[in-house]
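Open the structure in your viewer and keep the sequence panel beside it. The tour below goes stop by stop, with a selection to make at each one.

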Amino acid sequence: MFSIFLYGFLGSFLGFTLPSVLNITALKIRLNATKKEFTNFTLGVLLVVFIQVYISVYILEYFSTNTVLIAFLEKTGVLVLVLLSIYFYVQHKKEQKKTEIKTKNSFFTGVILSLLNMFAIPFFCTLVAILIAFNSFSFNTVSNFFFVVGAVFGTYSILLIYGKFAVVIKQKTGKFTNHINLFLCVLTAVFALCTLLKFVL
């Protein structure tokens, strides 16, 4: 169960590490508002992430008996990882544009921004499919629960880091962003290669 929790945690943590609207909004709220507003925003994000991850697991579980579909998702996962690697490399090469984001209700801001994150469900579906490919995930109530909780804690941890080191990140955003993008570029490329080798060997 710990390994399932860890997969969910690491997948979510790395998936949300890239500076995005969610992370930058969390950073700005922490800098310009109270700790309570930051906490409310985080809770809003986590509520939606919990639902998104559960939906992702349910989708894969529903189609788990369809071996052709699962195999297709596993191979699609390689393509997704390659595209992600290319995306992170492109982001590494160009500057992040800074945008001012105003918030009125931090909790609902977190909910709305998370709902607008259309990448979340495909990302977690791909992650679960890859875990299935390596026989590292089995569908049952306990496993599903630990994976979802791990993913929620992963998201919480990265938002907490953005909040805790808000001042430092603000001062060194360019350098920080470039290093993170390059790291994620290499990481997703390695995952894509490992998954591809599974089908070749």
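**Stop 1: an aromatic pair before α7**

Select Phe 139, which is partly exposed with a relative accessible area of 24%. Add Phe 137 to the selection. Phe 137 is buried, at a relative accessible area of 8%. A residue counts as buried under 20%, so the two fall on opposite sides of that cut-off. Their rings form an edge-to-face aromatic pair, 5.3 Å from centre to centre and with 75° between the planes. Keep in mind that this is a predicted model.

**Stop 2: the whole fold**

Zoom out and colour by secondary structure. The protein has nine helices and zero strands. From the N terminus on, the order reads α-α-α-α-α-α-α-α-α. Of the 201 residues, 41% are buried.

**Stop 3: the loop ahead of α7**

Select Asn 135, in the loop between α6 (120–133) and α7. Is Asn 135 buried or exposed? It is exposed, with a relative accessible area of 70%. Now check its backbone. Asn 135 is not a glycine, yet it has a positive phi of about 55°. Most residues other than glycine have a negative phi.

**Stop 4: along helix α7**

Select residues 141–164, which make up helix α7. How far apart are the end C-alpha atoms of this helix? They are 34 Å apart, which agrees with the 34 Å that its 24 residues should span at 1.5 Å a residue.

Go to the start of α7 and show Asn 140 and Val 142. A side-chain oxygen of Asn 140 comes to within 3.2 Å of the backbone nitrogen of Val 142.

Next, pick Asn 144, also in helix α7. Asn 144 counts as buried, at 9% relative accessibility. Show Glu 61 as well. The side chains of Asn 144 and Glu 61 are joined by a polar contact of 3.4 Å.

Move on to Val 148 in helix α7. Val 148 counts as buried too, at 2% relative accessibility. Draw a distance from its C-alpha atom to that of Phe 124. The two atoms are separated by 9.9 Å, and the residues are 24 apart along the chain.

**Stop 5: the phenylalanine cluster**

Now look for rings across the model. The whole structure holds eight aromatic pairs. One of them is Phe 5 with Phe 153: the ring centres are 6.0 Å apart and the planes meet at 55°, so this pair is tilted. It links distant parts of the chain, with Phe 5 in helix α1 (residues 2–15), Phe 153 in helix α7, and their positions 148 residues apart. Phe 5 is partly exposed, with a relative accessible area of 22%. Phe 153 is also partly exposed, at 44%.

Add Phe 9 and Phe 13 to the selection. Ring pairs link Phe 5, Phe 9, Phe 13 and Phe 153 into a cluster.

**Stop 6: a nonpolar patch**

Switch to a surface view and select Leu 47, in helix α3 (residues 35–62). Leu 47 is partly exposed, with a relative accessible area of 43%. Which residues form the nonpolar patch with Leu 47? Add Phe 50, Ile 51, Tyr 54, Ile 55, Tyr 58, Ile 59, Tyr 62 and Phe 63. Together with Leu 47, they have about 870 Å² of accessible area on the surface.

Look at the numbering as you click through. In an α-helix there are 3.6 residues a turn, so residues three or four places apart point the same way.

Terms used:
Residues numbered from 1 in each chain as written. Predicted model: local features only at pLDDT ≥ 70, side-chain atom pairs only at ≥ 80, totals over all residues. Heavy atoms only, no water. Patch = residues over 30% accessible without salt bridge, like charges linked within 9 Å, V, L, I, M, F, W, Y side chains within 5 Å. Areas by Shrake-Rupley, 256 points an atom, 1.4 Å probe, with all protein chains shown as cover. Salt bridge = Lys/Arg side-chain N within 4 Å of Asp/Glu carboxyl O. Helix = DSSP H or I, 4+ residues; strand = E, 2+ residues; numbered from the N terminus. Buried < 20%, exposed > 50% of the residue type's maximum accessible area, 1.4 Å probe, protein only. Expected span 1.5 Å × (residues − 1). Polar contact = N/O pair within 3.5 Å; in protein donor to acceptor, adjacent residues only side chain to side chain. Phe/Tyr/Trp six-rings, centres within 6.5 Å; stacked < 30°, edge-to-face > 60°.
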